[in-house]
Amino acid sequence: MSDEPTLRVTVTRQEPGEAPRDETFDVPYDDRTTVLDTLDWIKDHAAPALTYRSSCRMGVCGSCGVMVNGRPVLGCETSVAGYRTSGITVAPMTHATVQRDLAVDTDEFLAKLRGVNPWLLPAPAAPAAPEDDPAATVPATVDVLRVHAQTPGQVKAYQGLSQCIDCMLCYAACPVLDDVAGFTGPAAIATARRWDLDSRDEGNETRFPLLVENEEGVWPCIQVGACTRACPKGVDPARAIADYQREAMGG
Amino acid sequence: MRIEHADVVVVGGGAAGLSAALAAVETFAAAGRDDAVVALVSKVYPMRSHTVAAEGGAAGVVPGGADSAEAHVADTLRGGAGLSHDDAVRFVVDRAPAELARLERLGMPWSRTDDGRPAVRRFGGMTHPRTWFAADKTGFHLLHTLFQTSLREPAIRRYDEHVVLDLLVVDGACRGVVGYDQHHGETVTVLAPAVVLATGGYARAWGTSTNASIVTGDGLSMVLRAGLPLRDLEMVQVHPTCLPGSGILITEAARGEGGVLLDAAGERYLADYGLGPVTPVGAPEPRRMELGPRDQLSQAFWHADRAGRTIPTRDGGVVHLDLRHLGKAAIDERLPLVAGLARRYAGVDPVTTPIPVRPAAHYTMGGIVTTPQGRVLDARGAEVPGLFAAGECASTGLHGANRLGSNSLVETLVTGRAAGELAAAPSAGAFPDRAALDPARAAADRWLAMRGRGTEPPAAIRRELGAVLDAEVGIFRDATGLARAQATLDELNARYQEVRVADTAAVLNTDWAQAIELGAMLDLARGAVAAAIGRTESRGAHQRLDHPQTDDVARHSLAARGDDGAITITWQEPEP
């Protein structure tokens, strides 16, 4: 590999209960090498214990979010070619607890996601019924072939928001989470909106109070728009949050 | 070792596993079992499962049209080339429309016709348009719909990022799993009267593959170690249109929507390899040209490549998938993922430039022998109490020797549900007593002993494994190449006994987890090659240059693993 060009890759590593430390590697690369490829190279050739997540390598599974030079990106979608002079520093996503090296806690995010009831909710016909009753969603006598009618235009209303891959880059980008760690956050609110805008869903009255009668729901957002800029899938959480805020204020 | 109890354990959080878990919850609820616990154990968070990468769609006859269940059955049997089972095909085909409708009622964002019904598109090998789709991200939406629905079910107890190491088999019955909690760094045994395996296939063993890095045959390897057979491991589907180098899938839906394949001279070369006559550009017809079965398209590529008709690149010859005539609006509307993948990973905009493609390993038809409903069978054909399998890891008899595109997503729903219902049935079984845990502890200790020892770098073994499978166990095979593959695999397997696991950490030890995955891939590769050597005929995805004929009698291969680790193959005729 003597003639191969190499890239300086600094990785912020951290064992549980220990302080973070930076390690630097010279990693061979070509015009197609991604950040994830460089991590794989380091694990295979230099640091077998290096810990990070990845799976699909095509930007759809949402596993490989990391900070590259301070910016949250998917490792598998980020070419290193543009960094040949500067090199890269790969660090764990911010606003999440580091488990080991580049792997961060995902459970906190999933708890926030679950908190917005991100499933198709029926009309709240029987207020006394427990909200988790699965029988309430589909009547027991349902025709097994029954489907809702939904026009292409009605699909379009929520299609953009349904592209969220739960990668948590928007949480890493969101400055509000510096101060309000409990903020429901961009992806979870965008997914709530995805269901609210779905013509088949009747859950708006369930989700709305969860988001607006809650100090850590939509209100901490100050509309910086960092989430929307960070999203690798073109989702616009800032807009979803702004829409909830406006509706809550009667707009 | 932590000991926990559940009423059903589901291993795997993809579409089959989530379907099984949801069905088990419903079955318990219907029986008044409010206290029932369904343990969903996965080595990744469920929404990261490889279902997420499925693009094209899911097959199900649309009621009230020209299509019929009989036609879907006939197409599937034809694709299966004698190794599909009528009862398994019928089971899935009959239940497919209801499962796709169930997903709709759960909020699946199916693409729609103008009057608001779920739309269908054409797919390879299918005589009618019957593939339901959500643009070209069908698997992604299916997985997220199922996962988000699962979040509402308190009866589902998730064990995310838990590596399952072995099945717990007591007196011939499966009574739980032995696993490892990567977050807390401890072994955990989950005892249950029934276990559903939904662990996916093993096509990541090939170097050039559409599969995610997690698709390593873990569940199949566990079943082999438990002394149970695996069927038709040599039947590995090679997808004809993937990006060179990365192997990233460019869905068949791109051809269903009218995309055409061109050789270096811009010719529709498929017509010269038995797939003609040529259909007009933009007017695809069922089962012809670009919509022929996948195996035939991959074989045509192989011939064209040999004939010097492909375009040379550093990753081998490529042909062009031309979508330009579809126009920007149709590409953005129906194939947005493909367009993005082509731009990002191939550097071409399909609106203006054809996409370079070549074949890659994609789907493993073989797997754990089951009934159509997902009950696991032993080598004598007897049911294994407490053990079920669904999805790509199972060989129910649906796909036979060659899967039709869009039959597997629907299989995850139908068979996943059936297996989950059976696993939750009251007759499924009982908890084992404490003495049964001694083998579990012994198994866990053996796996943990891999850490901090060994001399053979796993990355080299993995690379050589992928290279030899690419070279010798691809679209066409012959005795010489397969013998070479077998010798290489024996050598790699010997080296694997001394595999280096440098990382000794307890928490999120991915060095160790990947070494376990590598061992599973080696098991499956050795089984696939042994069966491919023994199958001296050409059938479906298994094409032998030295045995081009198809035998009159179709036989299944059954791979078994001896106590010494050796793989043996026996042959079995399908039930009439």
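Student: Why is A:Asp101 called buried?

Tutor: A:Asp101 has a relative accessibility of 0%, and the word buried is used for values under 20%, exposed for values over 50% and partly exposed for those in between (1.4 Å probe, protein chains only). Because 0% falls under the first of these limits, A:Asp101 counts as buried. Please keep in mind that this is a predicted model, in which local features need pLDDT of at least 70 and side-chain atom pairs count only at pLDDT 80 or more, while totals for chains, interfaces and linings use all residues. Residues are numbered from 1 along each chain as its sequence is written, chains are lettered from A and ligands numbered from 1 in the order in which they are written, and side-chain values use heavy atoms, with hydrogens and water left out.

Student: What makes the phi of A:Asp101 worth a remark?

Tutor: Most residues other than glycine have a negative phi. The phi of A:Asp101, by contrast, is positive, near 50°, and this residue is found in the loop between β6 (98–100) and β7 (103–104) of chain A. The labels come from DSSP runs numbered from the N terminus (helices are H or I with at least four residues, strands are E with at least two). A:Arg57, which is not a glycine either, has a positive phi of about 60° and lies in the loop between α1 (35–45) and β3 (65–68) of chain A.

Student: Which word applies to A:Arg57, buried or exposed, or something in between?

Tutor: The relative accessible area of A:Arg57 is 26%, so this residue is partly exposed.

Student: How do you know that A:Phe208 and A:Tyr244 form an aromatic pair, and what makes it tilted?

Tutor: A search of the whole structure finds 6 aromatic pairs over all chains. In the one formed by A:Phe208 and A:Tyr244, the ring centres are 6.5 Å apart and the planes make an angle of 45°. Rings of Phe, Tyr and Trp (its six-membered ring) pair if their centres lie within 6.5 Å, and planes under 30 degrees apart count as stacked, over 60 as edge-to-face and the rest as tilted. The distance therefore meets the limit, and the angle belongs to the remaining class, so the pair is tilted. The pair links distant parts of the chain, since A:Phe208 is in helix α6 (residues 204–212) and A:Tyr244 is in helix α8 (residues 237–248), 36 residues apart. A:Phe208 is partly exposed at 26%, whereas A:Tyr244 is buried at 0%.

Student: Why is the pair of B:Tyr180 and B:Trp512 called edge-to-face?

Tutor: Their centres are 4.8 Å apart and their planes 75° apart, and because that angle is above the limit for edge-to-face, the name follows. B:Tyr180 lies in strand β9 (residues 173–181) and B:Trp512 in helix α14 (residues 510–534) of chain B, so the pair ties together parts that are 332 residues apart in sequence. Both partners count as buried, B:Tyr180 with a relative accessible area of 2% and B:Trp512 with 0%.

Student: What sits over the ring of B:Trp512, and how far is it from the centre?

Tutor: The charged end of B:Arg451 is there, 4.1 Å from the ring centre. A charge sits over a ring if NZ of Lys or CZ of Arg is within 6 Å of the ring centre and within 35 degrees of the ring normal. B:Arg403 likewise lies over the face of B:Tyr363, at 4.1 Å from the ring centre.

Student: Which residues far along the sequence does A:Pro232 touch, and how do you know that they are in contact?

Tutor: Contact means heavy atoms within 4.5 Å. Leaving aside neighbours within four places in sequence, A:Pro232 is in contact with A:Leu74, A:Glu77, A:Cys167 and A:Leu169. A:Pro232 and A:Glu77 are 155 residues apart in sequence, yet 8.6 Å apart in space from C-alpha to C-alpha. A:Pro232 lies in the loop between α7 (226–230) and α8 of chain A, and its relative accessible area of 24% makes it partly exposed.

Student: What makes the bond between B:Gly276 and B:Pro277 a special case?

Tutor: Most peptide bonds are trans. The bond that joins B:Gly276 and B:Pro277 is cis, with omega about 0°, and B:Pro277 lies in the loop between β14 and α7 of chain B. B:Gly266 is found in the loop between β14 (260–262) and α7 (294–306) of chain B, and at 42% relative accessibility it counts as partly exposed.
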